[in-house]
Amino acid sequence: MLRIAVTGSPGIGKSTVVARAAEKLADQPGFKIGGIQTSEIRKEGKREGFSIRDLATGKTGILGSIRGRGPRVGKYHVNLEDLENIGANALRSALECDLIVIDEVGPMELKSEAFVSAVEVVLESDKPVLAVLHRSSSNQLAQRIRKEFEVFIVNEENRDELPEKIFAILR
Ligand SMILES: Nc1ncnc2c1ncn2[C@@H]1O[C@H](COP(=O)(O)OP(=O)(O)OP(=O)(O)O)[C@@H](O)[C@H]1O
């Protein structure tokens with residue numbers, strides 16, 4: 001089964017590696033990519049939260065924000081509604097795709113039971129998966145991904161070549 005995870009230090013370029021590999025794969029006619037991507041929301045240089053995007057539909061919501069309600073992770077409030085309606089939904093719909101991208105399974109995502117169970121459904125499926133894994137994650141899902149996936153550690157030397165390498169494995 002084609003299962004790849006990228007891990008490495010904070011800010012080293014994990015999401016960029018996954019996004020570049022996914023772009024190359026998406027350029028192949030008929031190759032469908034589903035799943036989620038998360039990004040920082042910055043205002044005037046300061047991080048105010050994170051967005052979550054369904055890669056198949058482009059639908060975007062808030063994963064966590066310094067404003068609003070919801071369970072806290074650090075200074076951010078997790079938006080369970082978007083995590084479920086966009087995040088968990090994206091993963092379930094992605095079961096129809098050729099590749100499921102999960103960027104990422106972090107402490108915010110774990111606050112939603114619906115999201116966690118959607119990740120489990122993905123892991124139980126026979127679909128290729130490309131995931132981002134935080135180096136420090138030690139929760140059950142992270143442990144499972146470490147055990148079951150081929151894990152690449154991103155560093156400054158390999159981060160420019162990894163997208164091509166991952167593309168070659170998953171194409
Ligand atoms: N190959 C690269 N060459 C130069 N800069 C890069 C490269 N990859 C990523 N960067 C830059 O490094 C920063 C962090 O990238 P990215 O968000 O992909 O890292 P990350 O490891 O996913 O971060 P986090 O730990 O916050 O999840 C971004 O500003 C990005 O533009």
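**Overall fold and the packing of helix 1**

The chain has five helices and nine strands. Read from start to end, these elements follow the order β-α-β-β-β-β-β-α-β-α-β-α-β-α. Keep in mind that this is a predicted model. Its mean pLDDT comes to 95, with 100% of the residues at 70 or more, and the scores for the model are ipTM 0.95 and pTM 0.94.

How do the overall dimensions look? Along the principal axes, the C-alpha atoms fill a box of roughly 40 × 35 × 30 Å. A compact globule of 171 residues would have a radius of gyration near 16 Å, and the chain has 15 Å, so the two agree. On the inside, 40% of the 171 residues count as buried. As for who touches whom, take the contacts with a separation of 6 or more: 65% of them come from residues 24 or more positions apart.

Helix 1 makes a nice worked example. This helix runs over residues 14-26, and at 1.5 Å a residue its 13 residues should span 18 Å; the end C-alpha atoms are indeed 18 Å apart. Which residues of helix 1 are buried? They are Lys14, Val17, Val18, Ala21, Ala22 and Leu25. These residues cover an arc of only 125° around the axis, which means they sit on the same side of helix 1. The general rule behind this is that an α-helix has 3.6 residues a turn, so residues three or four places apart point the same way. The cover over the buried residues of helix 1 includes strand 1 (3-7), strand 2 (33-43), strand 7 (99-103) and strand 8 (129-132), along with helix 5 (162-170).

Note on methods
Residues are numbered from 1 along each chain as its sequence is written. This is a predicted model: local features need pLDDT of at least 70, side-chain atom pairs count only at pLDDT 80 or more; totals for chains, interfaces and linings use all residues. Helices (H or I, at least four residues) and strands (E, at least two) are DSSP runs, numbered from the N terminus. The expected span of a helix is 1.5 Å times one less than its number of residues. A residue is buried if 20 or more other C-beta atoms lie within 10 Å of its own, exposed if 12 or fewer, and partly exposed in between; C-beta atoms are placed from the backbone. The arc is that of the directions from the helix axis to the C-beta atoms. Two residues are in contact if their C-beta atoms, placed from the backbone, lie within 7 Å. pLDDT is the predictor's confidence in each residue, from 0 to 100. The radius of gyration is taken over C-alpha atoms; the globule rule is 2.2 Å times the number of residues to the power 0.38.
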